[in-house]
Amino acid sequence: MTSFDWSAVSDFMPEFWDGVLITLQVLVLGSLISFTLGLVWAIAFRAPTRFVRWPVNVFTEFIRTTPLLVQLFFFYFVLPEWGIQFSALTTGTVAIGLHYSTYTAQVYRAGIEAVPKGQWEAATALSLPPHRTWMAVILPQAFRRVMPALGNYVIAMLKDTPILLAIGVLEMLNQARQFGGQSFQYTEPLTVVGVAFILIAYPASLLVRALERRLVR
Amino acid sequence: MSADTPAGTTAGATSDALIRFDNVTKRFGDNTVLDDLCFSVRPGKHVTLIGPSGSGKTTILRLLMTLESPDEGTITVNGNRLFPADEKERREARKKIGMVFQQFNLFPNMTVLRNLTEAPVRVLGLSKDEAEVRAKELLELVGLADRCDARPTQLSGGQQQRVAIARALAMRPQVLLLDEVTSALDPELVAGVLDLLRDIARTTDITMLCVTHEMNFARDISDDVLMFDAGKVIESGPPEKIFSDPEHERTREFLGAVL
């Protein structure tokens, strides 16, 4: 009864791989969305006019301080009433990416603020236009500082993917739960999924660190 | 207001002034850093600003570089308005001005060469090749031709400051602002940077505005010295006059303390 049934592991494999694909898809796309949007927010925080700064601040604070689950429900059940409808997977990926973008925005903000004021002044003294100041001077210096913190959010995001069950997305943990429900064997699929989380999270953190080293040079 | 009208600077209106401050006031909170300041600098002149710290010298350079905005008054460079002006006009006026900072402020994410080519390519519209040829000439001039591919952090403070001078010159400025450029350097590195600036002062027609505590350097390169106190020019004149026979009591006190 308590012994580990390896045949249940192999029975679980087909569903497991389906789940892994979904998890990775949500993780990769969610990360890209959160990295990109977060940067947009962080630059908007420094916009010359408060008519940009103020709404962006309110919006990101709102997203950051309300539960991801609420946002998930909102996107999945409320937006269709206004005629905006996507698959559960797309909705979930966008919701996670948006939610985490409000965290990465804070990371970028700190990284940008850590670039010495003299760098902005030197850019002004050379008459560099704003987009060159950002692209060539400020962001390359900010990126190095934020890479480790961004990596931590990738891992946090990975651990949040099971929340997509709420809108019926079967990523790997929910596949395990479903498998358990049908076969009454929970230990094996849950163990497999636990190990899989580690196997994804650890290389992800290594990847981020390698990227960091390459950017520092 | 300046006390008299020496060779390079004048208190009143002149048509041939390159830099003009008219009734410029700058406050930081309750602190009035520049108080209804008027002065002008003619093309090609080297002007040194001296005075106790907090007297507004550096603020003048920062206003010219548009790193600060005045609360009142007009600033023009070569007939172009810097303040008040719209962003386009200001950008045009600013292109003629280069600045060297106390802390160098080189871009650490770029090589030395790219520090010198980035703005000429992006702002002046030079081709990459043109900009690199010019950058290498300038690095030759500052004695760092062999460090093109180095990162700024691999250089000594004195070398970094010489690169920063070359970077400012790469924009072919009419005006070079020098903000205490040797204050952050180890003592043994100061002479090299000052010698370079003496060379540039002697061999080019670039107008220089210089804030420094190096009085010997000020005496060597200046056509005029402006003595600041509490946001006003209290005395101005050629260095021989100011350093040996100052008229104002505050100037005498200040020079007594620093010389």
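Start at the N terminus of chain A and colour by secondary structure: the elements run α-α-α-α-α-α-α-α from there on, which gives eight helices and zero strands in this predicted model. With the whole chain in view, turn the C-alpha trace until its principal axes line up with the screen, and you will be looking at spans of about 75 × 45 × 20 Å.

Next, colour chain A by pLDDT, whose mean is 89, with 97% of the residues reaching 70 or more. Select residues 117-125, which form helix 5 of chain A, where the mean pLDDT of 96 is the highest among the elements, and then move to helix 8 of chain A, residues 187-216, where the mean of 82 is the lowest.

Now consider how the chain packs, still with everything displayed. Of the 217 residues in chain A, 31% are buried, and among contacts with a separation of 6 or more, 79% join residues that are 24 or more positions apart.

For a closer stop, select A:Val146, which lies in helix 6 of chain A, residues 130-160. Is A:Val146 buried or exposed? Because 26 other C-beta atoms lie within 10 Å of its own, A:Val146 is buried, the cut-off for that label being 20 or more.

Keep A:Val146 selected and add A:Val107, A:Tyr108 and A:Gly111, which A:Val146 touches when residues up to four places away in sequence are not counted. Finally, select A:Arg109 and place a distance label between its C-alpha atom and that of A:Val146: these two residues are 37 residues apart along the chain, and their C-alpha atoms are separated by 9.2 Å.

Conventions: Residues are numbered from 1 along each chain as its sequence is written. Chains are lettered from A and ligands numbered from 1 in the order in which they are written. This is a predicted model: local features need pLDDT of at least 70, side-chain atom pairs count only at pLDDT 80 or more; totals for chains, interfaces and linings use all residues. pLDDT is the predictor's confidence in each residue, from 0 to 100. Helices (H or I, at least four residues) and strands (E, at least two) are DSSP runs, numbered from the N terminus. A residue is buried if 20 or more other C-beta atoms lie within 10 Å of its own, exposed if 12 or fewer, and partly exposed in between; C-beta atoms are placed from the backbone. Two residues are in contact if their C-beta atoms, placed from the backbone, lie within 7 Å.
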